[in-house]
Amino acid sequence: MESRLASISGRTIWRWLDQDAIRPWQHRSWIFPRDPDFQAKAERVLDLYQGLWDHQALEADDYIISADEKTSIQARLRLHPTVPPQPQQSMRVEFEYEREVALAYLAAWDVRRAKVFGRCETTTGIEPFDRLVQQVMEQEPYRRAPRVFWIVDNGSSHRGAASVRRLQGDYPNLILVHLPVYASWLNQVEIYFSVIQRKVLTPNDFSSLAQVAERLLTFQLYYEQIAQPFEWKFRRFVLSKNRSWPVCH
């Protein structure tokens with residue numbers, strides 16, 4: 001028996017394991033829905049993505065804004081200059097670095113028009129977020145639109161009834177739509193943030209926070225020229241037939 005086992009190569013064993021139905025070495029993080037109104041809140045957002053509000057079709061001059069903050073973006077000052085790519089050699093980025101203080105990038109994604117608004121701030125909070133809202137709502141077509149739906153999570157900058165009163169008091173045509181708790185994956189701006197992470201912030205090799213901000217805002221202008229509305233495939237009926245499914249995070 002021992003001689004037979006010794007004759008099996010490691011590659012063969014890995015192939016057997018890879019073909020097995022249960023793979024205990026693999027794992028996936030998840031968060032189970034904790035919001036008691038998860039279903040109703042999620043369905044409101046999913047309906048908006050399909051052009052519906054209270055089961056009625058949106059008008060052509062209604063707008064949907066998906067907004068959030070990308071926090072704690074550092075400028076990592078490498079202790080040795082980056083070596084550019086060469087034939088048969090990838091770019092080399094020094095492992096050790098010094099940190100500058102971080103900044104926050106706030107963004108608002110127009111779901112139907114594939115237009116993005118963004119700004120860099122030293123921190124997050126009510127005032128920085130309100131400046132983002134002002135940046136959007138005080139220009140056309142949003143200023144005079146019948147309704148502008150803002151989809152946000154439950155972060156402290158825009159949490160609860162107080163944020164509804166504050167923002168809808170400033171802009172009567174603004175309708176604040178809160179996601180369920182722990183459901184930022186339903187916010188389309190997170191897709192844009194994932195693009196930012198891959199295309200702008202990786203590798204993190206900047207000389208200063210000013211360079212980070214410049215790169216973010218320059219990419220934002222470029223992205224607008226090529227962007228298309230996201231092809232959102234997760235629909236209400238998928239949510240309805242899976243009432244106890246885990247929320248991927």
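Glutamine 88 is found in the loop between β5 (76-78) and β6 (97-99). In this predicted model, glutamine 88 has a positive phi of about 65° although it is not a glycine. Is glutamine 88 buried or exposed? Its relative accessible area is 85%, and because values over 50% count as exposed, glutamine 88 is exposed.

A positive phi also appears at alanine 114, another residue other than glycine, where the angle is near 55°. Alanine 114 is found in the loop between β7 (103-110) and β8 (115-121). Its relative accessibility is 5%; the limit for a buried residue is under 20%, so alanine 114 counts as buried. Glycine 51, just after helix α3, takes a positive phi of about 80°.

The strands on either side of alanine 114 deserve a closer description. β7 and β8 form a hairpin with four residues between them, and alanine 114 is in the turn. The two strands run antiparallel and are joined by seven bridges. Within this pairing, alanine 108 stands opposite phenylalanine 117 in β8. In a regular strand the side chains alternate between the two faces of the sheet.

A second pair of strands has another arrangement. Which way do β9 and β10 run? Strand β9 (residues 148-152) and β10 run parallel, and five bridges join them. Valine 148 stands opposite leucine 174 in β10. Together with helix α5 (residues 160-170), β9 and β10 make a right-handed β-α-β unit. Strand β10 (residues 174-178) is mostly covered, since four of its five residues are buried.

Two peptide bonds that precede a proline are described in the table.

| Peptide bond | Form | Omega | Place of the proline |
|---|---|---|---|
| Glutamate 140 to proline 141 | cis | near 5° | loop between α4 (126-137) and β9 |
| Threonine 202 to proline 203 | cis | near -5° | loop between α6 (189-199) and α7 (209-226) |

The helices that flank the loop of proline 203 can be considered as a pair. Two packed helices are described by the angle between their axes and the distance between the axes. The axes of α6 and α7 come within 11 Å and cross at roughly 120°. Angles from 65 to 115 degrees count as roughly perpendicular and those over 145 as roughly antiparallel; α6 and α7 are therefore oblique to each other. The crossing in which α6 passes α7 is right-handed.

Helix α3 (residues 38-49) allows a simple check of length. What span should its twelve residues have at 1.5 Å a residue? The expected value is 16 Å, because the rise is multiplied by one less than the number of residues. The end C-alpha atoms of α3 are 17 Å apart, which agrees. Several residues of α3 are buried, among them Phe38, Ala42, Val45, Leu46 and Tyr49. Charged residues also appear in the buried set, including Glu43 and Asp47. An α-helix has 3.6 residues a turn, so residues three or four places apart point the same way.

One residue of helix α4 completes the account. Arginine 131 lies in α4. Its relative accessibility is 32%, a value between the limits of 20% and 50%, so arginine 131 counts as partly exposed. Arginine 131 and glutamate 121 are ten residues apart along the chain, and their C-alpha atoms are separated by 9.8 Å.

Key
Residues numbered from 1 in each chain as written. Predicted model: local features only at pLDDT ≥ 70, side-chain atom pairs only at ≥ 80, totals over all residues. Heavy atoms only, no water. Buried < 20%, exposed > 50% of the residue type's maximum accessible area, 1.4 Å probe, protein only. Pairing = 2+ DSSP bridges. Right-handed = clockwise from strand over helix to strand, strands pointing away. Axes fitted to C-alpha atoms, helices over the stretch in contact; angles between N-to-C directions. Parallel < 35°, antiparallel > 145°, perpendicular 65-115°, else oblique. Left-handed = near helix turned anticlockwise from the far one by under 90°.
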